[in-house]
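Here's a quick briefing on the cysteines, charges and surface patches of this protein. Have a look at the sequence and the model first, then come back for the notes.

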Amino acid sequence: ELTFNEDESAFECYTWFAFESGADPETETPIATGTTNSPNAILIDGLSPASTYDVYVQSNCFNNEESELSESVTFSTEVCEEEEKCTYTFLLEDSAGNGWNGASMQVFQNGILVETIGENFSTGSESSVTVSLCADVTTELIWNNAGIAASEVGISIINPFNEEIYNSAGTSISPSNTIFDFVSSCTPPVCEEPINVEVIDIFQTQATLNWEEVDNTQLTFNW
């Protein structure tokens, strides 16, 4: 919905225009436009999911005079419906135990900003943030703000099935770069991998291998 402040000189009405983001409003055709007598709650219809738009409003005054276009307002539509999302957990880590010191990262889906994380991580060694992501969409984690102690920053990502899909430990990550990209999934795997794999009772010629099965559907295990 589009709202704006009323212009007292707009005797007749207002005209609004919606363009694809970056389009020149003076030369290109809007994807949607309309007129209204009220500046409140104008519904812009016919938009595409996961798309970014620029909106302008123009006053129509006495004697068919028209104002200049307003400054643009940029917005992005949702990537998917709420029921098509699932929850990913981002575990923020700090080696000095004093938070991220102003660092932050951003989660994008199809190039649309979904969430900025880390801005409120100001103390401690760990902080978890949950983010609702659309299924089957290219997802990027970008380090947008280095803060003042970038070398202390670490992060891991846990999918909805409690599987760690990324951990920055042992890797080289740096600000202003894509840290990790993946295709999100909200569908449980048909055959889940064992967890808590460990080797115990190690001797010269033998050792014991243990693990936990996630459910009781496995017929056999390969090792």
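A disulfide here is a pair of cysteine sulfur atoms within 2.5 Å. Keep in mind that this is a predicted model, where local features need pLDDT of at least 70 and side-chain atom pairs count only at pLDDT 80 or more, while totals for chains, interfaces and linings use all residues. Residues are numbered from 1 along each chain as its sequence is written, and side-chain values use heavy atoms, with hydrogens and water left out.

**Disulfides**

- How many disulfides does a search of the whole structure find? The search turns up two.
- Number the bonded cysteines of the protein in sequence order and the pairing reads 1-3, 2-4.
- Cys80 is joined to Cys134, with an S to S distance of 2.0 Å. The link of Cys80 and Cys134 is left-handed, with -90° about the S-S bond.
- That pair ties together distant parts of the chain, 54 residues apart: Cys80 is in the loop between β4 (73-76) and β5 (85-94), and Cys134 is in strand β8 (residues 126-134). For the element names, helices (H or I, at least four residues) and strands (E, at least two) are DSSP runs, numbered from the N terminus.
- Cys86 and Cys186 make a disulfide too, with their sulfur atoms 2.0 Å apart. The torsion about the S-S bond of Cys86 and Cys186 is about -80°, so this disulfide is left-handed.
- This pair also links distant parts of the chain, with Cys86 in strand β5 and Cys186 in the loop between β12 (178-183) and β13 (195-200), 100 residues apart.

**How covered the bonded cysteines are**

- The scale first: buried means under 20% relative accessible area, exposed over 50%, and partly exposed in between (1.4 Å probe, protein chains only).
- Cys80 counts as buried because its relative accessible area is 14%. Its partner Cys134 is buried as well, at 2%.
- Cys86 is buried at 12% relative accessibility, whereas Cys186 is partly exposed, with a relative accessible area of 24%.

**Cysteines without a partner**

- Why is Cys61 without a bond to Cys13? The sulfur of Cys61 is 9.6 Å from the closest cysteine sulfur, the one in Cys13, and that is too far for a bond.
- Cys13 counts as buried, at 17% relative accessibility, and Cys61 is buried too, at 16%.

**Salt bridges**

- A salt bridge here is a side-chain nitrogen of Lys or Arg within 4 Å of a carboxyl oxygen of Asp or Glu. By this rule, the count is two.
- Lys85 meets Glu78 in one salt bridge, at 3.3 Å from N to O. Lys85 also has a salt bridge with Glu82, where the closest N and O atoms are 3.4 Å apart.
- Put together, Glu78, Glu82 and Lys85 are linked in a network of salt bridges.
- Is Lys85 buried or partly exposed? Lys85 is partly exposed, at 21% relative accessibility.
- The two glutamates have their own values: Glu78 is exposed at 54%, and Glu82 is exposed at 53%.

**Surface patches**

- Patches are made of residues with over 30% relative accessible area and no salt bridge; like charges are joined within 9 Å, and nonpolar side chains (Val, Leu, Ile, Met, Phe, Trp, Tyr) within 5 Å.
- On the charge side, Lys and Arg count as positive and Asp and Glu as negative, with His and the chain ends not counted. The place of a charge is taken as NZ of Lys, CZ of Arg, CG of Asp or CD of Glu.
- Glu20, Asp24, Glu26, Glu28 and Glu68 gather in a patch of negative charge on the surface. Of this group, Glu68 sits in the loop between β3 (52-60) and β4, and Glu68 is exposed at 70% relative accessibility.
- A nonpolar patch on the surface is formed by Val197, Val199, Ile202, Leu209 and Trp223, with about 610 Å² of accessible area together. Accessible areas come from the Shrake-Rupley method with a 1.4 Å probe; for residues, only the protein chains shown count as cover.
- Val197 is in strand β13, and so is Val199. Val197 is exposed, with a relative accessible area of 56%.
- For a long-range check, Val197 and Thr33 are 164 residues apart in sequence and 60 Å apart in space, C-alpha to C-alpha.
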